[in-house]
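Trainee: I should like to go through this entry with you. Please take the elements one at a time and explain each term as it arises.

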Amino acid sequence: MREYSAYTLLRNALTGNRDWKPAWRKPDPKPGYDVIIVGGGGHGLSTAYYLAKEHGITNVAVLEKGYLGSGNVGRNTTAVRSNYLLPENHRFYEHSMDLWENLSHDLNYNVMFSQRGCLNLAHTPGQLDEYVRRGNALRHSGIDSELMTVRQIKRLVPVLDVSGSARFPVIGGVMQWSAGTARHDAVAWGYARGADRRGVDVIENCEVTGFLRDGDRVTGVMTTRGEIRARKVAVAAAGSTGRVMKLAGIEQLPIESQVLQAFVSESLKPVLDTVLTFGMGHFYAAQSDKGGLIYGGALDGYNSYAQRGSLPLVEEVHSEMLALFPGLASVRMLRSWGGLCDMSMDGSPIITTGPLPGMYLNCGWCYGGFKATPASGWCFAWTIARDEPHPLNAAFTLDRFQRGLIIDDKGQGATPNLH
Ligand SMILES: Cc1cc2nc3c(=O)[nH]c(=O)nc-3n(C[C@H](O)[C@H](O)[C@H](O)COP(=O)(O)OP(=O)(O)OC[C@H]3O[C@@H](n4cnc5c(N)ncnc54)[C@H](O)[C@@H]3O)c2cc1C
């Protein structure tokens with residue numbers, strides 16, 4: 001497969017763009033593989049890529065029930081950051097950040113990673129104290145975090161009303177300058193192309209409908225395109241984890257699937273050059289390169305497997321947006337959509353061997369798994385290849401909930417609505 005470069009771009013431009021080849025093959029499933037990955041989202045594809053690149057395991061199939069990008073990897077609001085409080089999380093997400101920084105070169109695919117920062121606004125002294133604590137924890141681990149004054153915030157986001165008469169006056173904020181955004185579908189396509197180039201079969205329109213078993217051991221999968229055997233079967237099905245694991249007889253997981261919506265406005269001139277989060281409610285926004293504001297808020301708040309949301313949340317998100325930016329009241333919303341979030345009970349992920357022999361599980365990404373895509377795949381590939389976790393994902397076990405070793409970054413307990 002051809003390298004993308006300025007030369008190929010120019011050559012194709014001069015020859016009518018007739019010579020581009022598909023970015024990945026459309027192979028039929030083989031009877032068996034060393035590793036099968038269930039779910040062709042960002043995490044499944046990055047796992048396949050790092051299995052091939054880092055561990056030389058290329059006899060791998062990624063099975064996707066729809067088309068690549070039809071899940072959350074193509075539905076998220078693209079915020080990337082590593083500013084978590086607890087070391088288990090921020091070390092893992094900082095590794096992701098390191099991988100993001102070189103990802104376009106590594107994949108030879110422009111994922112448009114843009115380090116425009118992520119600013120959390122504080123509206124109460126208590127909130128500012130919490131930001132100081134989190135910022136200090138990050139700085140102790142060598143991760144960037146800076147407390148911002150109201151004056152600095154106003155300079156960075158002039159459209160923001162920081163006056164004392166604002167509905168929720170801003171009293172400061174905490175900034176992670178290395179955070180930012182990336183183009184979500186490019187991440188899926190880049191990993192798919194990278195895995196394909198190394199020999200991985202990326203198979204779309206192939207739904208896993210059951211698991212082949214030899215006693216307890218998982219030995220393959222049943223699919224809408226026939227049975228496929230495998231030495232190892234890895235599940236990376238995000239919001240569909242519960243349904244997929246039920247096919248293997250695992251009825252109970254510390255996961256709930258809930259809908260999260262996102263919105264995009266009509267194109268505006270540049271008004272927001274960072275990812276911004278509101279502290280008095282659940283609202284965040286960034287501006288895309290095309291000018292649209294990309295924004296969202298809380299979960300819809302009920303369990304569902306539907307990739308669409310409800311109207312009350314549309315109203316809630318917009319009321320929070322206008323509390324923060326009254327000046328945007330006449331901006332029109334262009335589109336909205338929903339995705340399925342695999343909410344874990346402590347808000348942290350699961351990347352582990354098991355729960356059955358021959359099986360590996362990656363889930364619990366809540367509404368923050370896009371930023372984890374590189375590190376998730378990197379750690380999951382390690383876990384599958386070596387049958388043990390890397391130190392970076394050693395804490396992300398399934399049995400931590402039984403042992404009481406939860407990783408509760410927000411200190412809000414087992415309440416998916418609050419994560
Ligand atoms: C609206 C919204 C906004 C978000 N914003 C952000 C954000 O700003 N930053 C951030 O970090 N995260 C964000 N997230 C979360 C992030 O998108 C997810 O945590 C992450 O994408 C999940 O991993 P994935 O990419 O592998 O999931 P997916 O892309 O959902 O991949 C799972 C795949 O499994 C497939 N599948 C399911 N069942 C089967 C089966 N039986 N057989 C075969 N395939 C199957 C699905 O079709 C799907 O393609 C957001 C999520 C949503 C919904």
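Trainee: In which sense do strand β17 (residues 350–353) and β18 pair?
Mentor: The model is a predicted one, in which local features need pLDDT of at least 70, side-chain atom pairs count only at pLDDT 80 or more, and totals for chains, interfaces and linings use all residues. Residues are numbered from 1 along each chain as its sequence is written. Strands (E, at least two residues) and helices (H or I, at least four) are DSSP runs numbered from the N terminus, and two strands pair if DSSP finds at least two bridges between them. β17 and β18 have 4 bridges, and their sense is antiparallel.

Trainee: Which residue of the turn between β17 and β18 has a positive phi?
Mentor: The two strands form a hairpin, with 5 residues between them. The turn residue with a positive phi, of about 85 degrees, is Gly354.

Trainee: Which residue of β18 stands opposite Val235?
Mentor: Strand β11 (residues 226–235) pairs with β18 in the parallel sense over 3 bridges. From β17, Thr352 has Leu361 as its bridge partner. The residue opposite Val235 is likewise Leu361.

Trainee: How many residues of β18 are buried?
Mentor: A residue is buried if 20 or more other C-beta atoms, placed from the backbone, lie within 10 Å of its own; it is exposed if 12 or fewer do, and partly exposed in between. Met359, Leu361 and Cys363 on one side are buried, as are Tyr360 and Asn362 on the other. For strand β18 (residues 359–363), the count is 5 of 5.

Trainee: Which element supplies the largest share of the side of domain 1 that touches domain 2?
Mentor: An automatic or database assignment sets domain bounds, here domain 1 (29–109 + 183–254 + 346–418) and domain 2 (118–179 + 256–344). With contact meaning C-beta atoms, placed from the backbone, within 7 Å, 35 residues of domain 1 are in contact with 30 of domain 2. On the domain 1 side, β3 (79–80), α3 (87–101) and α8 (241–247) each give at least two residues. The largest share, 5 residues, comes from α3.

Trainee: Where does the ligand lie relative to domain 1 and domain 2?
Mentor: Of the 40 residues around the ligand (C-beta atom, placed from the backbone, within 6 Å of it), Gly39, Gly41, Gly71, Gly339 and Gly369 come nearest. α2 (42–55), β12 (255–267) and β16 (333–344) each supply at least two residues of this shell. Because domain 1 and domain 2 both give residues to the shell, the ligand lies between them.

Technical notes
Contact = placed C-beta atoms within 7 Å.
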